[in-house]
Amino acid sequence: YDAYKHCFAIPEFRAIIMRRTFAELERNHLDKAKSECIRINNYFGKEVVRFKSDPPEVTFLNHEDGFESKIIFGHCQNPGDEEKYLGDEYQAFYPDEMATFLQKQITGVQGRLRSTNRQILPRVAGTSNPGGAQTLWLKDFYIDKLVDKIREENPRYNPAHYLFIQAMLYDNPYYMDPDGTYTLYENRLFAYDSERRRQLLLGD
């Protein structure tokens, strides 16, 4: 939603949504992007967004003078894949399931964030469940903000630049049962071992 909102509002805005593998990207984003474009165009009664599969992207056609905005879709399956994005320019980077990426991959793509438009502050907005292989560095940067530890590697680390927003199962009304509880979803999570259950149910 954040990517769509900015691409609709700002001419030549470029956002990249990324998963670790192309298969994950296809299952979780590309199929949805196709149907989202159809619904949006139906709502407006004309083509205002266009989905393209190769390379995968959504182009926004609603701006005057032909200034198109884009959501680009990418992946970084292998170490070093972040180098594929050298020379690119994005105003927003959305890594999905961020704890599956190597830190070097996140910082590598993040280095492509820039803008000649002084009204735009480029940023990263990542999502993740706890428990992925890269959870600890995310916890250090975004939650605990271990300044002394992080500044050994990045002397310009500023904890004020990082924000953690926790979201629990109980914050999502779409998963609520008709009786107002979350029992059905909770039962699925209770099938996991106790450690994984705490991660997914309590954000531990």
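Student: Hi! Which order do the six strands of the open sheet come in?

Tutor: Hello! In this predicted model, the order is β2-β3-β4-β1-β5-β6, and the pairing is mixed.

Student: Which strands stand at the edges?

Tutor: Those are β2 (49–53) and β6. Each has a single partner strand, so one side of each is left without a neighbour in the sheet.

Student: Okay, and in which sense do β5 and β6 pair?

Tutor: Strand β5 (residues 92–95) pairs with β6 in the parallel sense, over two bridges. If you want a spot to look for, find Phe93, which stands opposite Val124 in β6.

Student: What does α1 lie across?

Tutor: Helix α1 lies across β1 (14–19), β2, β3, β4 (69–75), β5 and β6. Relative to β4, α1 runs at about 145°.

Student: New topic: rings! How many aromatic pairs are there?

Tutor: The count comes to eleven aromatic pairs. One of them is formed by Tyr4 and Phe60, and that pair is edge-to-face. The centres are 5.7 Å apart, with 70° between the planes.

Student: Where do those two sit in the chain?

Tutor: Tyr4 belongs to helix α1 (residues 2–9) and Phe60 to strand β3 (residues 56–60). They are 56 residues apart, so to speak of the pair as a link between distant parts of the chain is fair.

Student: Are Tyr4 and Phe60 buried or exposed?

Tutor: Both are buried. Tyr4 and Phe60 also belong to a cluster linked by ring pairs, together with Phe8, Tyr43 and Phe44.

Student: What about Phe141 and Tyr157, how do their rings meet?

Tutor: Edge-to-face, at 5.2 Å centre to centre and 80° between the planes. Phe141 is in helix α4, while Tyr157 is in the loop between α5 and α6 (183–189), 16 residues apart.

Student: Why do they count as buried?

Tutor: Buried means under 20% relative accessible area. Phe141 counts as buried because its relative accessibility is 10%, and Tyr157 does so at 1%.

Student: Back to α4, then. Which of its residues are buried?

Tutor: In α4 (residues 135–144), they are Trp137, Leu138, Asp140, Phe141 and Tyr142. They are on the same side of α4, because they cover an arc of only 160° around the axis.

Student: And what covers them?

Tutor: The cover includes α3 (103–110), β6 (123–124) and α5 (147–151).

Student: Last one: which residue follows α4?

Tutor: That is Lys145, and its phi is positive, near 50°.

Conventions. Residues are numbered from 1 along each chain as its sequence is written. This is a predicted model: local features need pLDDT of at least 70, side-chain atom pairs count only at pLDDT 80 or more; totals for chains, interfaces and linings use all residues. Side-chain values use heavy atoms; hydrogens and water are left out. Buried means under 20% relative accessible area, exposed over 50%, partly exposed in between (1.4 Å probe, protein chains only). Helices (H or I, at least four residues) and strands (E, at least two) are DSSP runs, numbered from the N terminus. The arc is that of the directions from the helix axis to the C-beta atoms. Contact means heavy atoms within 4.5 Å. Rings of Phe, Tyr and Trp (its six-membered ring) pair if their centres lie within 6.5 Å; planes under 30 degrees apart count as stacked, over 60 as edge-to-face and the rest as tilted. Two strands pair if DSSP finds at least two bridges between them. Axes are lines fitted to C-alpha atoms, for helices over the stretch in contact, and angles run from 0 to 180 degrees between N-to-C directions.
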